[in-house]
Structures are given as structure tokens and as C-alpha cells.
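Work through the exercises below with the sequence and the model side by side, trying each task before reading its solution.

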Amino acid sequence: MVCLFISRTVDIPQELKTSLRKFRFARRNAGHAALVVKINKQKLIMEEVEQFDDISIEDLAEELPENSPRYVVLSYELNHSDGRKSFPLVLVNWAPTSSEIGLLTLHASAFIDFQNTADVSKVIEVREGAESFTKEAIDQKLLHG
């Protein structure tokens, strides 16, 4: 008999899974919304930091720490060239290069598990902090790949 165990470096508690599910299925018709998650290094669990409704990308960038990684599930108001609006979910991997290397490693090792749990396929990597996290950069990524 062969036993397979999936090793998780960081636990995703049920409360966070519930919060992610509610966020995913919330009906939105204007603005950006975000759910911010961090890793508690001592407990090795993910924790919801905060949720934002109708926040600008610039304000969201200001809310994120300069020296600590975060996962940000973003409901993004995308305006298409034909006038349509859509609200894709985007996973922002906020991983400033100035972060503590041990925390960055932990963050990177748990990323795929978080992405699968959040059920978000579009990913935007942000390593350079607020300067590289702009509406223009997100539009470019979502509209032009």
C-alpha cells in the first residue's frame, strides 16, 4: 500500500477559504475591490489582512507594505475598447524585493496552493512595489497579455 501525502508549508484556514469564496461571488458593477492575505510566519498559516471595496489601484498600492509579501485577490474593473465592462479576478503576487528572504521563500512556496484555493488563473507579479503596480500596467497585462 502506498500512501501519498500532500505537504503544505502554510495552512489555509477554513475562515479564509470562506472569505475568499464570498469575495469571488460578490456581485460588482463598479470599481475595484481587493482581499489582502499575508502569511503568519510563526503559526505558518495564511491570514486575511483586510478587504477593500471601490478602491483605486494607486490607493491599494499605498496600503500594501513596502517590505513584506502579500497575496491580493483583486476584482478589477476592466474597460474594453468596445465599451463593455468586465470584472475579472486577478491574483496579485505582491513580493517586494526588499522583503525578508525567509518570508519571500515561504510566500513563494505557498503561492500555487493559494492560487488554487482562490481559484484565480490570471496572475500579476509585482516585485518593484507601488511604482510598478498601476492601472496602466494591469490594463496592459489583461487586455494584451
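**Exercise 1.** Determine whether Asp-54 is buried or exposed, and describe its backbone and its place in the chain.

Solution. Asp-54 is exposed, because its relative accessible area is 64%, where exposed means over 50%, buried under 20% and partly exposed in between, with a 1.4 Å probe and protein chains only. The residue is found in the loop between β2 and α2 (57-63); helices (H or I, at least four residues) and strands (E, at least two) are DSSP runs numbered from the N terminus. Although Asp-54 is not a glycine, it has a positive phi of about 50°. Asp-119, in the loop between α3 and β7, is likewise a residue other than glycine with a positive phi, near 60°.

This is a predicted model, in which local features need pLDDT of at least 70 and side-chain atom pairs count only at pLDDT 80 or more, while totals for chains, interfaces and linings use all residues. Residues are numbered from 1 along each chain as its sequence is written, and side-chain values use heavy atoms, with hydrogens and water left out.

**Exercise 2.** Work out the order of the strands in the sheet and what packs on it.

Solution. Begin with the order: 5 strands form an open sheet, arranged β2-β1-β3-β6-β7, with mixed pairing; two strands pair if DSSP finds at least two bridges between them. At the edges lie β2 (45-53) and β7 (122-126), each of which pairs on one side only. From one strand to the next, the twist averages 20°. Helix α3 (residues 101-118) packs on the sheet and touches β1 (33-40), β2, β3 (70-75), β6 and β7, its direction making about 30° with that of β3; contact means heavy atoms within 4.5 Å, and angles run from 0 to 180 degrees between N-to-C directions, along axes fitted to C-alpha atoms, for helices over the stretch in contact. Helix α4 (residues 135-144) also packs on the sheet, touching β3, β6 and β7, and its direction makes about 145° with that of β7.

**Exercise 3.** Follow β6 through its pairings, and find which way its side chains point.

Solution. On one side, 6 bridges join β3 to β6, and these strands run antiparallel; here Val-72 stands opposite Val-92 in β6. On the β7 side, 5 bridges join β6 (residues 89-94) to β7 in a parallel arrangement, where Val-92 stands opposite Ile-124 and Val-90 has Lys-122 as its bridge partner. In a regular strand the side chains alternate between the two faces of the sheet. In β6, Leu-89, Leu-91 and Asn-93 point one way, whereas Val-90, Val-92 and Trp-94 point the other way. The strand is mostly covered, with 6 of its 6 residues buried.

**Exercise 4.** Explain why Gln-115 counts as buried, and list its contacts beyond its sequence neighbours.

Solution. Gln-115 is found in helix α3, and it counts as buried because its relative accessible area is 15%. Once neighbours within four places in sequence are left aside, Gln-115 is in contact with Leu-91, Val-120, Ser-121 and Val-123.
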